[in-house]
Amino acid sequence: MHRRAILAGLGAVAASGTASRAAPKPNWMSPALPEGTRDVATMVRLPGKQPLIQLTDRPPNYETPIDAFGNAITPNDRFFVRYHLAGVPTMEDLKNWSLTVGGDAAGRSVRLTMADLKKDFAQVEITAVCQCSGNRRGLFDPHVPGVEWGYGAMGNAVWRGVRLKDVLAKAGVKADALEIWLGGADGPVMQATPAFRKSLPVALAQRNDVLIALAMNGQPLPHLNGFPARLIVPGWTGTYWMKHLTSIEVSTKPLPNFWTQKAYRVPAGMFPVDLPFTSQNDSTTWPITEMVVNSVIAAPMDGAKVPRSGFTLRGVAWDRGHGIKTVEVSFDGGTTWKPAVLDRDLGQYAFRGFSLSSGALPPGPCVVSARAVSNKGEMQATTLLRNPAGYHHNLPQTLTVTVA
Ligand SMILES: Nc1nc2c(c(=O)[nH]1)N[C@H]1C(S)=C(S)[C@@H](COP(=O)(O)O)O[C@H]1N2
Ligand SMILES: [Mo]
């Protein structure tokens, strides 16, 4: 109740011409989002980007409009932007970028330039989904505090760069290594705020598909998506995908800070994981790590008018790396379900496109939904798994179109 008032207040300051309560809501935002969020959100064009949905500006938090997910690859200029701190590094800051690798469990310290990364290491490619842990937080009912994301705090891209494990091998990983600590070039604007740093279990860092990406969809990384180098952790939520990566420490200790110990945690055992991050577990909570199976409908949009001859539903599904087995679609409010046609498989960590034609429809409202199943047999939730930070929302999306 208080939150709504605060958000509405912000809206009045931030954007004069925001929609009044009586005005129709823009259909690029789900009607399930908190009203305050829908009031303050605006479409904003950041440098180098198509218009994205601005949720906050300092720090920058901008989500991708849902129609972008009609394609399994998210274009760089529509890819979402998420920062914890307002101190986003400028291109000037990044001009003399280098990466240091060291730590108490490293054999030695090394400093690598971009030229080193390009000439001394195998260049590899993977298609993978980067999704914020809090994607869809705004759809939690009752609402929970945090950035009130709709469906678009995610994207899927072809990432190209070097293997983290190859870079670690240059420094040497000692037998007592426990975690890989990651640091980026961005920092807090005020001293009291802790810098954003995250860590990975050493076993994950040895996987062949964990990359330091230098390119995204065939282009250098966009500035706001981590130029000139960012971590790619396929299957794990976006919080580990450190942008503007500048330091890697091989450590014998768990990384202790706000972002590991207080934020990004879920109730112990609530969500399935294959590779536990035990050095960061406590008695009641675990760090959020692997994503949950999920899908999104990109077309038609909620509230759209469709002809009686019907329409083609289109969307994407993804999971934590087992791949998508089936997506089922309902055109009658969940009474009957039909298998969708799956597009080409772009890899186990990628979006899997799907589509299905509705066929002719009777006039009136038509309630549409989609639900995905992974190759592991995991299904989207039928009741919301509530957790304090509002992570892993994967209820099947439901929307209503009008047949006329
Ligand atoms: N340096 C840095 N890296 C970061 C973050 C950040 O605040 N600073 N946020 C993380 C989080 S929580 C997410 S969801 C992703 C978002 O990636 P994107 O902005 O490229 O979409 O970046 C991750 N890497
Ligand atoms: Mo995130």
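How do the residues lining the second largest cavity split by class: how many are nonpolar, polar and charged? There are three nonpolar, seven polar and one charged. Keep in mind that this is a predicted model. Searching the whole structure turns up five cavities of 30 Å³ or more, and the largest cavity is the space that ligand 1 takes up.

**Ligand 1 and its shell**

- Ligand 1 has 18 residues around it, with F80, H84, D186, R230 and K243 the closest.
- Sorted by class, that shell comes out as ten nonpolar, four polar and four charged residues.
- Two domains chip in here: domain 1 (10–82) and domain 2 (94–139 + 146–287) each supply at least three residues to the shell around ligand 1.

**Polar contacts to ligand 1**

- R230 puts a polar side-chain atom 2.7 Å from an oxygen atom of ligand 1.
- For N225, an N or O atom of the side chain sits 2.8 Å from a ligand 1 oxygen atom.
- R82 uses its backbone instead, with an N or O atom 2.9 Å from an oxygen atom of ligand 1.
- As for cover, ligand 1 on its own has 530 Å² of accessible area, and the protein covers 100% of that.

**The largest cavity**

- The largest cavity holds about 260 Å³ of space.
- It is lined by 19 residues, and R82, R230, G238, W241 and K243 are the closest to its centre.
- By class, the lining of the largest cavity has ten nonpolar, five polar and four charged residues.
- Why does the largest cavity lie between domain 1 (10–82) and domain 2 (94–139 + 146–287)? Both of these domains give residues to its lining, so that is where it lies.

**The second largest cavity**

- The second largest cavity offers about 70 Å³ of space.
- Its lining includes Q131, C132, S133, N135 and R136, along with T237, M291, V292, N294, H392 and H393.
- This cavity lies between domain 2 (94–139 + 146–287) and domain 3 (294–403), because both give residues to its lining.

**The second largest pocket**

- Moving on to pockets, the second largest pocket has a volume of about 360 Å³.
- A set of 27 residues lines the second largest pocket, and S30, P31, L139, Y151 and Q397 lie nearest its centre.
- That lining breaks down into 16 nonpolar, eight polar and three charged residues.

Methods
Residues are numbered from 1 along each chain as its sequence is written. Chains are lettered from A and ligands numbered from 1 in the order in which they are written. This is a predicted model: local features need pLDDT of at least 70, side-chain atom pairs count only at pLDDT 80 or more; totals for chains, interfaces and linings use all residues. Side-chain values use heavy atoms; hydrogens and water are left out. A residue is near a molecule or strand if one of its heavy atoms lies within 4 Å of it. A polar contact is a pair of N or O atoms within 3.5 Å; within protein, one must be able to donate a hydrogen and the other to accept it, and residues adjacent in sequence count only if both atoms are side-chain atoms. Accessible areas come from the Shrake-Rupley method with a 1.4 Å probe; for residues, only the protein chains shown count as cover. On a 1 Å grid over the protein atoms alone, a cavity is a set of points where a 1.4 Å probe fits but cannot get out, and a pocket is an open set with protein on both sides within 12 Å along at least five of seven lines; lining residues have an atom within 4 Å of a point. A molecule sits in a cavity or pocket if more than half of its atoms lie within 2 Å of its grid points. Ala, Val, Leu, Ile, Met, Phe, Trp, Tyr, Cys and Pro count as nonpolar, Asp, Glu, Lys and Arg as charged, and the others, Gly among them, as polar. Domain bounds come from an automatic or database domain assignment. Grid points are joined across faces, edges and corners, and a volume is the space filled by probe spheres set on the points.
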